[in-house]
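This briefing introduces selected features of the structure shown below, for a reader meeting it for the first time. Please keep the sequence and the 3D view at hand while going through the points.

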Amino acid sequence: MPVRQLSEATVNRIAAGEVVERPASVVKELVENALDAGATRIEVATDGGGRRFIRVIDDGDGMTCRDLELAVERHATSKLDDEDLLAIRTLGFRGEALPSIGAVGRLTITTRHKSEPHAWELSVEGGVKAPIKPAALDHGTRVELRDLFYATPARLKFLKTDRTEAEAVRDVVRRLAMSRPNVAFTLTGEDRAPVTWAAALPGAPGQLARLADILGGEFRANAVEIRAGREGMMIEGFAALPTFTRANTLGQYLFVNGRPVRDKVLLGALRGAYSDYLPRDRHPVVALFITQDPREVDVNVHPAKTEVRFRDAGLVRSLLVGSLKEALGREGRRAATTGGTATIAAFRPASSSRWDWRQSPAQPVIRGNVVGFAEAAQAAFQVGEPMADARANMVEPAPELLDRPLGAARAQIHETYIVAQTRDGLVVVDQHAAHERLVYERMKNAIDRSGVARQILLIPEIVELDEADVERLLTRADELARYGLILEAFGPGAVAVRETPSMLGEIDVRGMVSDLAQHMAEWDEALPLERRLLHVSATMACHGSVRAGRRLKPEEMNALLREMEATPNSGQCNHGRPTYVELKLADIERLFGRK
Amino acid sequence: MKVTVERTALLKSLGRVHRVVERRNTIPILANVLIRADKSKLSLKATDLDLEVIDSVDAEVSPGGSTTVPAHMFYEIVRKLPEGSQIVLEASGDRAVLAIRAGRSRFTLQTLPESDFPDLAAGDMTHKFTLAASDLKRLIDKTQFAISTEETRYYLNGIYLHTAGSGKATMLRAVATDGHRLAQVELPLPSGATGMPGIIVPRKTVGEVLRLIEDADAEVAIELSQGKIRFSIGDVVLTSKLIDGTFPDYARVIPLGNDKELVVDKKDFEASVDRVSTVSSERGRAVKLSISAGKLMLSVTNPDSGSATEELEIEYASDPIEIGFNSRYLLDIAAQIEGEVAVLRLADAGSPTLIQDKDAAGALYVLMPMRV
C-alpha cells in the first residue's frame with residue numbers, strides 16, 4: 001500500500017484516542033477550557049455516565065464568531081500567544097480538545113463574546129462541521145456533547161458501567177474544584193443528586209472550606225496547613241494528621257500550577273515525609289498545591305497532562321518533604337479528632353440490661369451444692385467496693401498544670417491509662433504508647449546527632465546489579481554511609497558492601513541492597529534503609545519504655561505529660577495510633593444531655 | 001568528693017538499695033542512686049517516690065560531697081570489678097560526671113545534681129517500737145501471699161497492721177486478703193505500739209523489708225505515723241509511704257461458728273493436693289474434697305486430660321460434705337502451717353472455711369470455696 005496523507009477526520013480520531021479516553025476526560029477538557037476563559041461559575045451535567053450527554057456551562061469570556069469557527073480546528077488555540085511552550089500559564093494549550101471531542105461525538109458549542117451583538121452556535125458531528133448560526137445566550141459558553149464515541153464504536157466497548165464513568169466524572173470535577181475555590185461548581189444530571197460548591201473566599205480559609213466541602217468535615221478538623229516557598233516555588237495546602245489515614249492513595253490530591261497531577265516524584269516525597277508516622281499499609285490524606293514558574297516545569301509530557309516533569313526534581317522533593325515534616329512536627333502533639341469522636345461514640349448510657357452481675361461486688365454468694373457443666377467459679381467474700389486508685393488525688397492539682405495542653409494527672413486506670421484533667425476537658429493517655437514514642441524520638445535524635453554505628457564485614461559482600469542501579473547507589477553513597485551502609489563500585493555491574501549498620505545485626509545484605517536499588521529507581525530515595533533502622537529503633541524503644549501494667553505515681557504521670565508536650569510527634573505512637581484522646585467538657589456535657 | 005571504699009562492702013550496700021529503682025522511668029532522676037560521702041561514711045539512697053532505702057558503708061572520705069548516678073549501671077560496674085579491690089569514687093564540682101577507679105579499670109558515669117533527688121520527708125513519727133527480726137518475718141511471711149494485686153481495691157494491696165484485742169491481751173495483728181482468701185497473724189503487742197493507728201503497708205515495701213531481714217537476727221526498729229513507716233535494720237533504713245485507704249472490716253468474714261471440724265496431717269494433705277492437681281487445667285484449678293466420717297477423698301476432673309483421686313485418713317465426725325477449693329490456694333495456705341496437724345472448720349459448700357494450725361495459735365486463714 002502506498003504511503004498517503006491521512007484525512008483530517010482520521011487524524012482527529014487518532015488524536016481523540018489520546019485526549020478523549022472516557023467521558024471524564026471530556027469533562028476535564030471542557031471544564032479546563034471554562035476555567036481558562038475566566039469563569040466564576042461552572043455547571044457540569046452528565047447523563048448515562050457521560051456517554052449519552054455531557055453539558056458544561058460557564059460564565060467566562062466566550063468566543064467571537066471567528067474564534068468559534070477556528071476553535072474546532074486542530075491545533076487552534078487562544079492560549080499560546082507567542083507559541084512559547086515553555087511558559088504555559090493556562091490549563092490547556094495543545095489545541096486538540098475540541099476537534100478531538102468533535103471527532104468522536106455530536107458536539108454543539110453556543111457562545112457569546114461581549115463584543116458580539118448576540119451568541120453564535122456551532123455543531124460538529126463525527127468530525128463534520130455544520131455552518132455557524134446565530135443563537136440565544138446571555139454570556140459565557142455552553143458546550144453540549146451527545147452520543148460520545150458514536151463515531152468510534154470500538155472505544156464504546158471499553159467503557160465501564162455508567163455508574164463507574166459517572167464516578168470518574170465526579171472525581172475530575174472534584175479535583176478541579178479543589179484547585180479553584182474561588183469558582184462555584186455545580187454538578188448535576190441524571191447520574192447523581194445535584195451538588196453545588198459555592199465560591200469560597202480567597203486564601204487559606206477559603207481553600208480549607210472548599211476542601212472540607214469535598215473531602216468531608218473530618219478532613220478539616222484534622223488538617224494541618226502547609227505553606228512553604230523556596231527559589232520561586234511555593235507549596236500551599238493542607239495535610240491530614242498521621243492519625244487520620246486511608247487504606248489507599250486515593251486521598252492524595254496534588255496540583256501543579258492548578259493542574260491536578262499524579263506524579264511519581266510528588267507521591268514519593270509524600271511517602272517519605274510520612275514514613276515515620278504511618279504503618280506500611282496506611283496512606284496520608286493531603287491536598288497540596290505547588291506553584292512554580294511554568295518554565296521550571298514541563299507539562300507537555302502526556303496529552304492528558306496528569307504527569308509533569310520538573311526541571312529541578314530535587315528542589316520539589318526537598319521542599320515538599322521539608323514543609324510536611326515541619327508542619328507535622330509542629331502539630332505533632334495533636335492527635336486525630338476522630339479519637340475523641342470515636343470515644344464519644346463508644347460511650348453508651350448506662351442501662352440495666354447491660355449490667356453484668358458477675359462483674360459486680362454484689363455477686364450472689366453460692367448457696368448449697370451447685371453442680372453443673374459450668375466452669376468452676378471461685379467464690380469471694382465481701383471486702384469492700386472497688387474504687388479508683390485515689391493516690392493521684394493526694395495532691396490537689398496545681399492550677400498552672402490545669403492550663404497545660406495535657407493537663408494535670410488525676411488517676412491511672414487499669415494500670416495502663418492516665419486520666420488527666422485540663423481546664424476544659426479531660427485527656428486519656430496510653431502510657432506505654434506515649435512513653436514509647438518519647439524514647440523513640442530520643443533514639444532518633446541520637447542517630448541524627450552521632451550517626452549509625454557500622455559493622456565492618458570480614459568478607460565484603462559483592463552484589464550484582466545492573467549498571468544503572470550501581471550508578472544510582474554510588475551517587476547516594478554518602479547518604480547511605482550516614483545510615484551505616486558503606487559500599488563501593490566493584491566493576492561496572494556490581495557493588496561491594498564493606499560495612500553494614502550494626503543495629504540491624506546479621507542481615508541479608510544482597511536482598512537489602514537490591515531492594516534499595518529498586519526503590520531508588522522508582523522513588524529516588526533511600527527510604528527502605530532508613531525505615532529498617534527506624535523499625536529497629538522502634539522495637540528497642542518499645543522494650544525501653546514504661547509498660548502497660550506498671551503503676552505510675554502522680555509525679556511520674558505528670559512528668560510524662562510534660563515531656564509529651566515538649567516532644568514533637570508525641571501525639572501518635574510509632575504505628576500511627578494516637579497516644580492520647582481528649583474529651584472536651586462540652587462533649588462530656590453532651591453525653592449527659594446537658595447541652 | 002573523693003571516696004575510697006572496699007568493693008565487697010559497697011556491692012552489698014548497693015545490692016540492698018538498687019532494687020528499689022524501677023528499670024524504666026519517666027522521671028530521669030528516679031533511675032539514679034544518691035551517693036553522699038561524709039565523715040568516713042558513704043551513704044547510698046534510692047527511691048521510687050513511695051519507698052526509699054538508705055544504707056551506708058565505711059569509707060575513706062576526703063573531701064566529702066554528694067552526687068547521683070544511674071543505679072543499675074553503677075551496681076553492674078561494682079559487681080563486675082574484681083573481688084577485694086579498692087574502689088575510688090571521685091567527682092569534681094565543675095563536671096557532671098563521677099569517676100570510678102579500681103585497679104586498672106576506669107569508668108565515668110554521668111551524674112544528675114543531688115538537689116533534684118526527691119526526699120520522702122518523713123516528718124514526725126508518732127509511734128516507735130522494736131520487733132525481733134524473726135517476729136517481723138513471721139508477720140510478713142504468713143500474710144504476704146494473700147495480698148491482692150487488684151488495682152480497683154488498692155486498699156487491699158498491702159498488709160494491714162493494727163492492734164487488736166484477743167482475749168485479755170492486746171495484740172499486734174497483720175491481715176491480708178484478696179477477696180478469695182484471708183490470712184491473719186498476731187503477736188503480743190510490743191511496748192511503744194500501744195495506740196498506733198491501723199496502717200496498710202504496700203506490697204513492694206513488704207517484699208523489700210523481707211529481703212532486708214532475711215539473714216538478720218537482730219532487732220528491727222519500727223517507727224510509724226499516719227502516712228509513713230520506717231524500718232531500721234542495722235545500717236539500713238527503709239522508709240515507705242503507706243496506702244491511704246481504709247482496710248475493710250475483715251472480722252465479718254472470719255467464720256468463727258463453723259461446726260464441722262476436720263483434722264488432717266498437714267504434710268500428707270499438702271502432698272495429696274499437689275499430686276491430684278497435676279491433672280487440672282490451667283484455667284480451672286479446682287480440687288473437690290468429699291468428706292465423710294474418718295475419710296477425705298480428694299478428686300480433680302479435667303475434661304481435657306483426665307482425672308485423679310486420692311484418699312486420706314482424717315479425723316472427722318460430722319455429716320458428710322462435698323466442697324471444692326482452688327488447689328493453688330490450698331497449697332499456699334498449707335505451706336504456712338508450721339505444725340504437723342492442720343484443722344479445717346467447714347460450714348457448707350458455699351461458705352468460707354477456716355484453716356488453722358492445730359498446735360500454734362496466733363495464725364488463721366480463711367478460704368472461700370469454688371463451685372465444683
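**A residue in chain B and a sheet in chain A**

Leaving aside residues up to four places away in sequence, Asn32(B) touches Val21(B), Thr68(B), Val69(B), Pro70(B), Ala71(B), Leu112(B) and Phe117(B). The model is a predicted one, and the points below turn to this residue and then to a sheet.

Surroundings of Asn32(B)
- Asn32(B) lies in strand 2 of chain B, which covers residues 32–38.
- The relative accessible area of Asn32(B) is 4%, and because buried means under 20%, this residue counts as buried.
- One of the residues it touches, Thr68(B), also makes a polar contact, side chain to side chain, with Asn32(B) at 2.9 Å.

The sheet in chain A
- An open sheet of 5 strands in chain A follows the order 10-11-16-13-14, with mixed pairing.
- Strand 10 (223–230) and strand 14 (259–261) of chain A each have a single partner strand, so they stand at the edges with one side lacking a neighbour in the sheet.
- On average, and with direction ignored, neighbouring strands of this sheet are turned by 20 degrees against each other.
- Strand 11 (residues 233–240) and strand 16 (residues 286–291) of chain A run antiparallel and are joined by 6 bridges, and Glu236(A) has Phe289(A), in strand 16, as its bridge partner.

Helices packed on the sheet
- Helix 9 (residues 264–274) of chain A packs on the sheet, where it touches strand 11, strand 13 (252–256), strand 14 and strand 16, and its direction makes about 130 degrees with that of strand 13.
- Helix 10 (residues 313–330) of chain A also packs on the sheet, touching strand 10, strand 11 and strand 16, with its direction at about 140 degrees to that of strand 10.

Note on methods: Residues numbered from 1 in each chain as written. Chains lettered and ligands numbered in written order. Predicted model: local features only at pLDDT ≥ 70, side-chain atom pairs only at ≥ 80, totals over all residues. Heavy atoms only, no water. Helix = DSSP H or I, 4+ residues; strand = E, 2+ residues; numbered from the N terminus. Buried < 20%, exposed > 50% of the residue type's maximum accessible area, 1.4 Å probe, protein only. Polar contact = N/O pair within 3.5 Å; in protein donor to acceptor, adjacent residues only side chain to side chain. Contact = heavy atoms within 4.5 Å. Pairing = 2+ DSSP bridges. Axes fitted to C-alpha atoms, helices over the stretch in contact; angles between N-to-C directions.
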